[in-house]
Amino acid sequence: MKKSDYLGKTIRIIEMKDEPSYTGKIGIVKHVDGINQLHGTWGSLAVIPGVDKFEILEDK
């Protein structure tokens, strides 16, 4: 996916490397930085596509 494809999407974190407390968190992608990390409303840590496992939830 392109960076812009993630913006505004709601994701659920399935597994974040070395951060088990983020498992199951849901949030909206608010920013994609220059190295393609996703930042959003789930907390202060970025989700890294290709490293962390997450799913994009369907828009309601």
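## A four-stranded antiparallel sheet and its loops

In this model, Val-29 has Gly-40 of β3 standing opposite it. The model is a predicted one, and that pair is a good way into its sheet. Four strands make up an open sheet, ordered β3-β2-β1-β4, with antiparallel pairing. β3 and β4 (53-56) stand at the edges with a single partner strand each, so each has one side without a neighbour in the sheet. Neighbouring strands here are turned against each other by 55° on average, if direction is ignored.

**How the strands pair**

- As general background, the strands of a sheet pair through backbone hydrogen bonds, in either a parallel or an antiparallel way.
- β2 and β3 are paired in the antiparallel sense, with three bridges.
- Strand β1, made of residues 10-15, pairs with β2 over three bridges, also in the antiparallel sense.
- Two places to look along this pairing are Thr-10, whose bridge partner in β2 is Ile-28, and Ile-11, which stands opposite Gly-27 of β2.
- β1 is also joined to β4 by four bridges, and these two strands run antiparallel.
- To find this pairing in the viewer, look for Ile-13, with Phe-54 of β4 opposite.
- A general point to keep in mind while viewing: side chains in a regular strand alternate between the two faces of the sheet.

**The β2-β3 hairpin and its turn**

- β2 and β3 form a hairpin, and five residues lie between them.
- Asn-36 is placed in the loop between these two strands, and its phi is near 70°, a positive value in a residue other than glycine.
- Asn-36 counts as partly exposed because its relative accessibility is 25%, and the partly exposed class runs between 20% and 50%.
- Gln-37 is found in the loop between β2 and β3 too.
- If residues up to four places away in sequence are set aside, Gln-37 touches His-31 and Val-32, along with Ala-46, Val-47, Ile-48 and Pro-49.

**Asp-33 and its polar partners**

- Asp-33 is found in the loop between β2 (26-32) and β3 (38-40).
- Is Asp-33 buried or exposed? Its relative accessibility is 13%, so Asp-33 counts as buried, the cut-off for that class being under 20%.
- The side chains of Asp-33 and Gln-37 make a polar contact of 2.8 Å.
- The side chain of Asp-33 also has a polar contact with the side chain of His-39, at 2.9 Å.
- Beyond residues up to four places away in sequence, Asp-33 touches Lys-3 and His-39.

**The loop between β1 and β2**

- Asp-18 lies in the loop between β1 and β2.
- Phi of Asp-18 is positive, near 65°, in a residue other than glycine.
- Asp-18 is exposed because its relative accessible area is 65%, and exposed means over 50%.

**Aromatic rings and a charge over a ring**

- How many aromatic pairs does a search of the whole structure find? The search finds one.
- There is also a lysine over a ring to look at: Lys-25 lies over the face of Tyr-22, 4.8 Å from the ring centre.

**After the last strand**

- Glu-58 is located in the segment after β4.
- With a relative accessible area of 70%, Glu-58 is exposed.
- Glu-58 and Lys-9 are 49 residues apart along the chain, and a distance of 8.5 Å separates their C-alpha atoms.

**Where to look in the viewer**

- For the sheet, follow the order β3-β2-β1-β4 from one edge strand to the other.
- For the hairpin, go to the turn with Asn-36 and its positive phi of about 70°.
- For side-chain polar contacts, centre the view on Asp-33, then bring in Gln-37 and His-39.
- For the segment after β4, pick Glu-58 and then Lys-9, with 8.5 Å between the C-alpha atoms.

Methods. Residues are numbered from 1 along each chain as its sequence is written. This is a predicted model: local features need pLDDT of at least 70, side-chain atom pairs count only at pLDDT 80 or more; totals for chains, interfaces and linings use all residues. Side-chain values use heavy atoms; hydrogens and water are left out. Buried means under 20% relative accessible area, exposed over 50%, partly exposed in between (1.4 Å probe, protein chains only). A polar contact is a pair of N or O atoms within 3.5 Å; within protein, one must be able to donate a hydrogen and the other to accept it, and residues adjacent in sequence count only if both atoms are side-chain atoms. Contact means heavy atoms within 4.5 Å. Two strands pair if DSSP finds at least two bridges between them. Axes are lines fitted to C-alpha atoms, for helices over the stretch in contact, and angles run from 0 to 180 degrees between N-to-C directions. Rings of Phe, Tyr and Trp (its six-membered ring) pair if their centres lie within 6.5 Å; planes under 30 degrees apart count as stacked, over 60 as edge-to-face and the rest as tilted. A charge sits over a ring if NZ of Lys or CZ of Arg is within 6 Å of the ring centre and within 35 degrees of the ring normal.
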